[in-house]
Amino acid sequence: MFSPLGCSSHPAVAPVSGKVTLDGEPLRFGSVMFQAVSGGQPATGTIQQDGTFSLSTFSSDDGAIVGQHRVRVVCYNSQDPSRPEASGPAGDSLGQLLIPEKYTSLGASGLTADVPADGLSGHQIALESGKAGRR
């Protein structure tokens, strides 16, 4: 029987967790994406109120593909879990971007990570706003 490539198998993944900060303070919400340099399915995770995240690629909290990754972070005010739900359709807008735009691009963020076969725990992603004294 013929089985299409990629349907029943995927690259090795390893658990990945960490913390995102902006100017030394935990980023309270948003999302993180790890994209393997070799290609394939990206790993994503939701940033929790304390800045922590855990990545998922093929199933919940399974981690990221083993190897080198480019990393991006997004944080829009529409992602704030404490934000009251707007009445009516949300539209296409994500709202105001709350971190420097460069961090939202895999190519421009300057953020990378190496995921070893045994996983990556406590990975720190330190973002800088470039604004002195910002809180």
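**Exercise 1. Find which residues Thr-104 is in contact with, leaving aside its neighbours within four places in sequence, and then work out whether Thr-104 is buried or exposed.**

Solution. Once the neighbours within four places in sequence are left aside, Thr-104 is in contact with Arg-72, Val-73, Val-74 and Leu-97 in this predicted model. As a next step, place the residue along the chain: Thr-104 lies in the loop between S8 and S9. Then look at its side chain, which reaches the backbone oxygen of Glu-101 at 2.7 Å. Finally, turn to accessibility: the cut-off for a buried residue is under 20% relative accessible area, and Thr-104 counts as buried because its relative accessibility is 13%.

**Exercise 2. Determine how strand S4 and strand S8 run relative to each other and how many bridges join them, and name the bridge partner of Ser-31.**

Solution. Begin by locating the two strands, since S4 covers residues 31-36 and S8 covers residues 67-74. The two strands run antiparallel, and six bridges join them. Now go to individual residues: Ser-31 has Val-74 as its bridge partner in S8, while Phe-34 stands opposite Val-71 of that strand. Val-74 also appears among the contacts of Thr-104 from the exercise above.

**Exercise 3. Work out the order of the strands in the open sheet that contains S8, and state which are the edge strands.**

Solution. Start with the pairing of S8 and S9, the latter made up of residues 111-115: the two pair in the antiparallel sense over five bridges. Within this pairing, His-69 stands opposite Ala-113 in S9. Next, set these strands into the whole sheet, which is open, has four strands in the order S5-S4-S8-S9, and is paired in the antiparallel sense. The edge strands are S5 (43-46) and S9, each of which pairs on one side only. If direction is ignored, neighbouring strands of this sheet are turned by 25° against each other on average.

**Exercise 4. Describe the chain as a whole: how many helices and strands does it have, and what percentage of its residues count as buried?**

Solution. Count the elements to begin with: the chain has zero helices and 10 strands, so that, read from the N terminus on, its elements run β-β-β-β-β-β-β-β-β-β. As for burial, 36% of the 135 residues count as buried. The chain exposes about 8200 Å², of which carbon and sulfur atoms supply 51%. To finish, consider the contacts with a separation of 6 or more, of which 66% are accounted for by residues 24 or more positions apart.

Note on methods:
Residues numbered from 1 in each chain as written. Predicted model: local features only at pLDDT ≥ 70, side-chain atom pairs only at ≥ 80, totals over all residues. Heavy atoms only, no water. Pairing = 2+ DSSP bridges. Axes fitted to C-alpha atoms, helices over the stretch in contact; angles between N-to-C directions. Buried < 20%, exposed > 50% of the residue type's maximum accessible area, 1.4 Å probe, protein only. Contact = heavy atoms within 4.5 Å. Areas by Shrake-Rupley, 256 points an atom, 1.4 Å probe, with all protein chains shown as cover. Polar contact = N/O pair within 3.5 Å; in protein donor to acceptor, adjacent residues only side chain to side chain.
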